[in-house]
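Student: I'm new to this one. Could we go through a few of the terms people use for it and check that they fit?

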Amino acid sequence: MAHSHSHPHGLAHQFDDLHQQHESASLGMWAFLVTEVMFFGGLFLAYTFLRWKYHDAVVAASGHLDWILGGVTTGVLLISSLTMAMAVHAAQEGKRRATVNFLIITMILGAVFLGVKAFEYSHKWHDGLFPGFNFHWTENPGYAGGAEMFLFLYFVMTGLHGLHMIVGIGLVAWIIRRANRGDFTPEYNIPVEITGLYWHFVDIVWIFLYPLLYLIQPPHH
């Protein structure tokens, strides 16, 4: 144990140096994100089929989604991606206070996003647009089946995205605690960077979900 005094801060015992640890952690997160892409890819495939098979019903059901609220949440997430990137940059420069502040802003923006989603969900419930027992379709009766399937996919896709956002907020809270404690230095800030990667991924998924679910144009006859 004579070499322990030169042991770099944050280096786990199974790695030779911080660079190797950094590469391994990055690779692990990218591998995880690839499985996430495949997971969401299956849902996007189901959506594509549904939109092809029941196009008019999907357009009618999409008309019940509030594209303005969807746009607001998109803006909120884009700003949160910026503040997360600034937090990572601050951590790399060893600026503890700036790191914590940017992470707190990121977490607040994530919470705002979830709050708006909860507001949207409650409105769908009150309007009878929640698939299942509460579903009441008052427009063209022929669209009811396709519309219900579209809204089911809407709740599954946005709900899973919301769960990822909750996990992201939890990760950011954990990173804030560690940053406050002074765990990160210019040499060791892998957890901040990895959390940033996850956060950006969740934001990117929403960038796809928003136009696909909220901005469906009616067909031109």
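Tutor: Sure, let's take some labels one by one, keeping in mind that this is a predicted model.

Student: Why is Glu-120 called buried?
Tutor: Buried means under 20% relative accessible area. Glu-120 comes out at 2%, so the label fits. Lys-117 has 4%, so Lys-117 is buried too.

Student: What makes the contact between Glu-120 and Lys-117 a salt bridge?
Tutor: The rule asks for a side-chain nitrogen of Lys or Arg within 4 Å of a carboxyl oxygen of Asp or Glu. Here the closest N and O atoms are 2.6 Å apart, so the pair passes. Both residues sit in helix H4 (residues 96-126), three residues apart, about one turn of the helix.

Student: What joins Arg-178, Arg-181 and Asp-183 into one network?
Tutor: Asp-183 has a salt bridge with Arg-178 at 2.9 Å, N to O, and another with Arg-181, with the closest N and O atoms 2.6 Å apart. Salt bridges that share partners link these residues into one network. Asp-183 is also buried, because its relative accessible area is 12%.

Student: Why is Leu-215 called partly exposed?
Tutor: Partly exposed lies between the buried limit of 20% and the exposed limit of 50%. Leu-215 has 36%, so that's the right term. You'll find Leu-215 in the segment after helix H6 (190-214), and with Trp-67, Ile-68 and Val-72 it makes a nonpolar surface patch of about 390 Å².

Student: How do you know that the reach of helix H5 is close to the expected one?
Tutor: H5 (residues 144-180) has 37 residues and reaches 53 Å from its first C-alpha to its last, against an expected 54 Å.

How values were computed: Residues numbered from 1 in each chain as written. Predicted model: local features only at pLDDT ≥ 70, side-chain atom pairs only at ≥ 80, totals over all residues. Heavy atoms only, no water. Patch = residues over 30% accessible without salt bridge, like charges linked within 9 Å, V, L, I, M, F, W, Y side chains within 5 Å. Areas by Shrake-Rupley, 256 points an atom, 1.4 Å probe, with all protein chains shown as cover. Helix = DSSP H or I, 4+ residues; strand = E, 2+ residues; numbered from the N terminus. Buried < 20%, exposed > 50% of the residue type's maximum accessible area, 1.4 Å probe, protein only. Expected span 1.5 Å × (residues − 1).
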